[in-house]
Amino acid sequence: MAGTSVTSETADVIVVGAGPAGSAAAFHLAQHGVDVLLLEKTEFPREKVCGDGLTPRAVKQLVAMGVPTDGPGWQRNKGLRVIGGGVRLELDWPQLASFPDYGLTRTRMDFDEILAKRAQEAGARLKTGVNVSGPVLDERTGRVIGVTATTKAKEPLEFRAPLVIAADGVSARLALSLGIAKREDRPLGVAVRRYYRSPRHDDDYLESWLELRSKESGDDLLPGYGWIFGMGDGRVNVGLGILNSSDAWGKTNYRTMLTDWLDNTPEEWGFREANAEGQTQGAALPMGFNRVPHYSRGVMLVGDAGGMVNPFNGEGIAYAMESGALAAEVAVQGLAMPAERRERMFQYYPQALKQSYGGYYRLGGWFVKIIGKPSLMQFATKHGMPHPVLMRFVLKLLANLTDPRGGDASDRIINALTKAVPAV
């Protein structure tokens with residue numbers, strides 16, 4: 001940038017993006033005394049398209065970050081209500097040694113800010129309104145040694161560090177700038193959601209609809225699956241998701257489909273235009289490690305940037321926070337080593353991710369292919385839903401909630417399956 005003054009800063013680690021993945025990574029790094037810069041392109045509070053549901057997996061990560069979840073804005077739930085095949089089944093979250101037995105909802109309008117502030121309180125240097133534009137490369141090795149950025153006023157900035165963690169979400173701009181493209185053979189979803197004022201706002205179960213019908217469709221199923229999550233503040237988050245294994249992928253107006261489904265729900269629930277708050281919004285769900293490698297030339301990918309949404313249930317926040325914590329753990333160990341040995345430690349990160357999720361995500365990829373076919377989904381719900389024991393097993397599988405050691409028979413079966421299947 002000849003003739004332009006560039007503001008420059010250094011750190012031990014730069015984290016790009018202050019969503020759940022980035023803030024979790026920054027928090028755990030700072031807890032270990034690492035000098036970490038957390039860069040966020042927007043200002044808080046900010047909206048994000050999400051179901052706002054937090055399973056016990058996500059709650060565990062909030063507890064690990066010391067986030068208090070008993071105050072206003074947090075709605076606790078005790079399980080999942082599944083509707084399909086003419087059956088309405090309430091499944092409590094399993095009693096496990098490894099995870100809490102409750103879930104939560106919290107609007108993303110302030111959820112991400114809460115996590116970013118926790119990272120800041122731990123010692124991370126949070127900078128908002130900083131739009132990262134690309135990597136800084138070592139001219140000799142081609143390794144990433146920092147990032148370039150601009151402020152909202154277009155002031156050029158440069159930040160340098162031995163390691164960069166890319167937590168920049170679905171867009172994955174940093175990964176793309178390094179030539180790390182998404183894999184077309186991995187699952188991808190699209191979700192749309194809208195808020196409605198509703199008497200169902202304080203429901204103590206998350207609700208999942210395995211079959212969607214409109215008034216016009218009659219017995220014909222709409223593609224996808226739906227959810228109704230009470231927010232506890234007078235509103236519910238209602239949405240639906242569709243997978244790229246569906247014949248309707250790319251051929252359907254998802255916002256119209258959401259309205260068609262909701263028009264077929266009882267009037268007293270309030271899911272009508274007069275009770276809506278804001279517009280219907282949508283977002284992509286990058287699943288099953290659809291962007292690899294997760295480490296390359298000084299950059300680790302976490303959360304949505306690395307395609308870490310669970311293919312079984314569309315859950316992203318738990319895996320964003322877990323991958324952020326894992327990246328921090330590997331980074332701390334690497335930074336403690338002499339410079340010439342760090343790289344080997346950093347390169348362990350993708351292997352650690354595979355050990356954690358590889359087999360499970362492979363199973364999830366197969367599951368996606370099955371549920372993308374409405375006829376197969378209808379068969380599964382018709383014959384599976386009437387059996388509560390089977391459905392409790394399915395809940396554990398879909399939510400990835402098992403005890404790794406011991407546990408009951410269903411835990412052992414699921415754990416054995418994920419170990420036996422080749423990792424993605």
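**Strands, a helix pair and selected residues**

Within the strand pair E16 and E17, Tyr-225 stands opposite Gly-241 in E17. The model described here is predicted, and this pairing is a handy place to begin looking around it. Tyr-225 belongs to strand E16, which covers residues 225-230 and is joined to E17 by six bridges, the two strands running antiparallel. Together E16 and E17 form a hairpin with four residues between them. In that turn, Gly-232 has a positive phi of about 80°.

Is Tyr-225 buried or exposed? Its relative accessibility is 17%, and because buried means under 20%, Tyr-225 counts as buried. Leaving aside its neighbours within four places in sequence, the contacts of Tyr-225 include Gly-239, Leu-240 and Gly-241. Trp-209, Leu-212, Leu-285, Asn-313 and Gly-314 are also in contact with Tyr-225. A further pair is worth finding in the viewer: Tyr-225 and Ile-242 are 17 residues apart along the chain, and their C-alpha atoms are separated by 6.8 Å.

Strand E17 itself spans residues 235-243 and is mostly covered, with nine of its nine residues buried. In a regular strand, side chains alternate between the two faces of the sheet. How are the two faces of E17 placed, covered or open? Both are covered. On one side the buried residues are Arg-235, Asn-237, Gly-239, Gly-241 and Leu-243, while Val-236, Val-238, Leu-240 and Ile-242 are buried on the other. Besides its pairing with E16, strand E17 is joined by nine bridges to strand E14 (residues 188-197), and these two strands run antiparallel. Within this second pairing, Val-192 has Leu-240 of E17 as its bridge partner.

Other strands are arranged in open sheets. One of these has three strands in the order E4-E8-E5, with antiparallel pairing. Its edge strands are E4 (53-54) and E5 (75-77), each of which pairs on one side only. Strand E8, residues 103-105, is joined to E4 by two bridges, and the two run antiparallel. A reader tracing this pair can look for Gly-53, which stands opposite Thr-105 in E8.

Two threonines in loops can be described alongside this sheet. Thr-107 lies in the loop between E8 and helix H3 (108-122). With a relative accessibility of 13%, Thr-107 counts as buried. When neighbours within four places in sequence are set aside, Thr-107 is in contact with Asp-52, Tyr-195, Met-231 and Arg-235. One of these partners, Arg-235, is among the buried residues of E17 described above. Thr-69, in turn, is found in the loop between helix H2 (56-64) and E5. Its relative accessibility is 12%, so Thr-69 also counts as buried. With the neighbours within four places again left aside, the contacts of Thr-69 are Leu-62, Trp-74, Tyr-102 and Leu-104.

Glu-121 offers a contrast in accessibility. This residue sits in helix H3, and at 58% relative accessibility Glu-121 counts as exposed. The C-alpha atoms of Glu-121 and Phe-393 are separated by 40 Å, with their positions 272 residues apart along the chain.

Another open sheet contains four strands in the order E1-E12-E11-E10, and here the pairing is mixed. Strand E1 (7-10) and strand E10 (130-137) form the edges, each pairing on one side only. Neighbouring strands of this sheet are turned against each other by 25° on average, direction ignored. Four bridges join E1 to strand E12 (residues 156-160), and these strands run parallel. In this pairing, Thr-10 has Arg-160 of E12 as its bridge partner.

Finally, there is a pair of helices to examine. Two packed helices are described by the angle between their axes and the distance between the axes. For helix H6 (residues 317-335) and helix H7 (residues 339-346), the axes come within 8 Å and cross at roughly 160°. Which description fits this angle, roughly parallel or roughly antiparallel? Angles over 145 degrees count as roughly antiparallel, and therefore H6 is roughly antiparallel to H7. The crossing of the two helices is right-handed. On the H6 side, the contact is made by Val-330, Ala-331, Gln-333, Gly-334 and Leu-335, and on the H7 side by Arg-342, Met-345 and Phe-346. Sorted by character, the residues of this contact comprise five nonpolar, two polar and one charged.

Definitions and conventions: Residues numbered from 1 in each chain as written. Predicted model: local features only at pLDDT ≥ 70, side-chain atom pairs only at ≥ 80, totals over all residues. Heavy atoms only, no water. Pairing = 2+ DSSP bridges. Axes fitted to C-alpha atoms, helices over the stretch in contact; angles between N-to-C directions. Parallel < 35°, antiparallel > 145°, perpendicular 65-115°, else oblique. Left-handed = near helix turned anticlockwise from the far one by under 90°. Contact = heavy atoms within 4.5 Å. Nonpolar A, V, L, I, M, F, W, Y, C, P; charged D, E, K, R; others polar. Buried < 20%, exposed > 50% of the residue type's maximum accessible area, 1.4 Å probe, protein only.
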